[in-house]
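Here's a quick look at how two chains meet, with one helix pair picked out. Have the structure open as you read.

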Amino acid sequence: MSLDPHTVLAILAMAAATYLTRLGGLWLLRLANVRGRTRAALDAVPPAVLMAVIAPTVFATGPAETIAAGITLLAAFRLPLLAAVAIGVASVVGLRMLLG
Amino acid sequence: MSRRADFAAGAFAIAPVLAAAIPIALLFGTLSVAKGLSVAETSLMSMTVFAGALQFVAIDQWSNPVPIGLLAFTALVVNIRHVLMGASLGRSMGDFSSPQKYAGMFFLTDESWAFAEQRARKASLTPAFYFGSGVALWSVWNIASLAGAVLGAGLGDPAAYGFDFAFSAVFIAILTGFWSNWRTGAVLLASGAVSALVKLSVDGAWYIMAGALAGIIVAAILHAEDENPRETDRIMPS
């Protein structure tokens, strides 16, 4: 168990910067009047962020990931989340073996 | 629902993410120790930073002497999406006191946030539910990253078991709940296309912010005052 002061400082700087980004949204809400167009923009944040997070995996990694994403999507419309995720993970493992 | 039951409901809702987070956190602990950080330093990072993507990027950039400024700047860039997520979720935090909001934001991750937004669309988001999922994920993340740091190398690659895809699968499943009309399709198209293109052409973690902003701008452009008011009420309870 050792703590190097520079390393600790770097970690705490990262933690502070990260917490700042987490609080930024609350401060932004205070400044902005959330109506009309601003509200429509904020309502679009969940689908826009989720899509931006997964897009490289889904569209730009390989056929196994793209097909598995489609299977997960179909499963998610019919099944509970846990089942859809299990099917998605199982299909990516199978497809990676099949497609090399 | 009682506060305790609501806390448990939050932890239970995020269970699939907990399962997927274990191998990822084990891997983080392993890589961190391999890069020269001590077990205590690795744990300190998981406890205070608590942001998976950033922690992997930071370990990748770690060198001697420690580039403190670069790492802090990297933290801002990789996590700038939190500003958008917090602004969106903050509107559903009507039941939270001010200290609860500030404490709650510490637990903001892509995963707990997505479940909180999903919950806020169906019922009002209680602090107990939110902290239930946040504290559960924080605990699992820290226990597994400590285990990875102690056990060291030889745990294997999560990709071999498909665990790397688990987070994508969770997000795809949650995404299906956010469809409301053709405008959602336009938002997804813009966000997905820009994110994938930026990922392929620009180094670093800019793709999330670029894609998210593209989708949000499309939503603002397509906004029409005649939108069904009931529909927007459903998105924003209380």
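In this predicted model, α5(A) passes α10(B) in a right-handed crossing (the near helix is turned clockwise from the far one by less than a right angle; anticlockwise would be left-handed). Helices here are DSSP runs (H or I, at least four residues), numbered from the N terminus. The axes of α5(A) and α10 (residues 163-175) of chain B sit 9 Å apart, at an angle of about 135 degrees; axes are lines fitted to C-alpha atoms over the stretch in contact, with angles from 0 to 180 degrees between N-to-C directions. That makes the pair oblique, the class left over after under 35 degrees (roughly parallel), over 145 (roughly antiparallel) and 65 to 115 (roughly perpendicular).

On the α5(A) side, the contact uses Leu81(A), Ala84(A), Val85(A), Gly88(A), Val89(A) and Val92(A). Facing them from α10(B) are Phe165(B), Ala166(B), Ala169(B), Val170(B), Ile172(B) and Ala173(B). Contact means C-beta atoms, placed from the backbone, within 7 Å.

Zooming out, 63 residues of chain A are in contact with 75 residues of chain B. α1(A) gives the largest share of chain A's side, 21 residues.

| Residues counted | Nonpolar | Polar | Charged |
|---|---|---|---|
| Contact of α5(A) with α10(B) | eleven | one | no charged |
| Side of chain A that touches chain B | 48 | eleven | four |

Nonpolar covers Ala, Val, Leu, Ile, Met, Phe, Trp, Tyr, Cys and Pro; charged covers Asp, Glu, Lys and Arg; the others, Gly among them, are polar.

Chain A averages a pLDDT (the predictor's confidence in each residue, 0 to 100) of 91. Local features need pLDDT of at least 70, side-chain atom pairs 80 or more, while totals for chains, interfaces and linings use all residues. Residues are numbered from 1 along each chain as its sequence is written, with chains lettered from A and ligands numbered from 1 in the order in which they are written.

Definitions and conventions:
Two residues are in contact if their C-beta atoms, placed from the backbone, lie within 7 Å. Helices (H or I, at least four residues) and strands (E, at least two) are DSSP runs, numbered from the N terminus.
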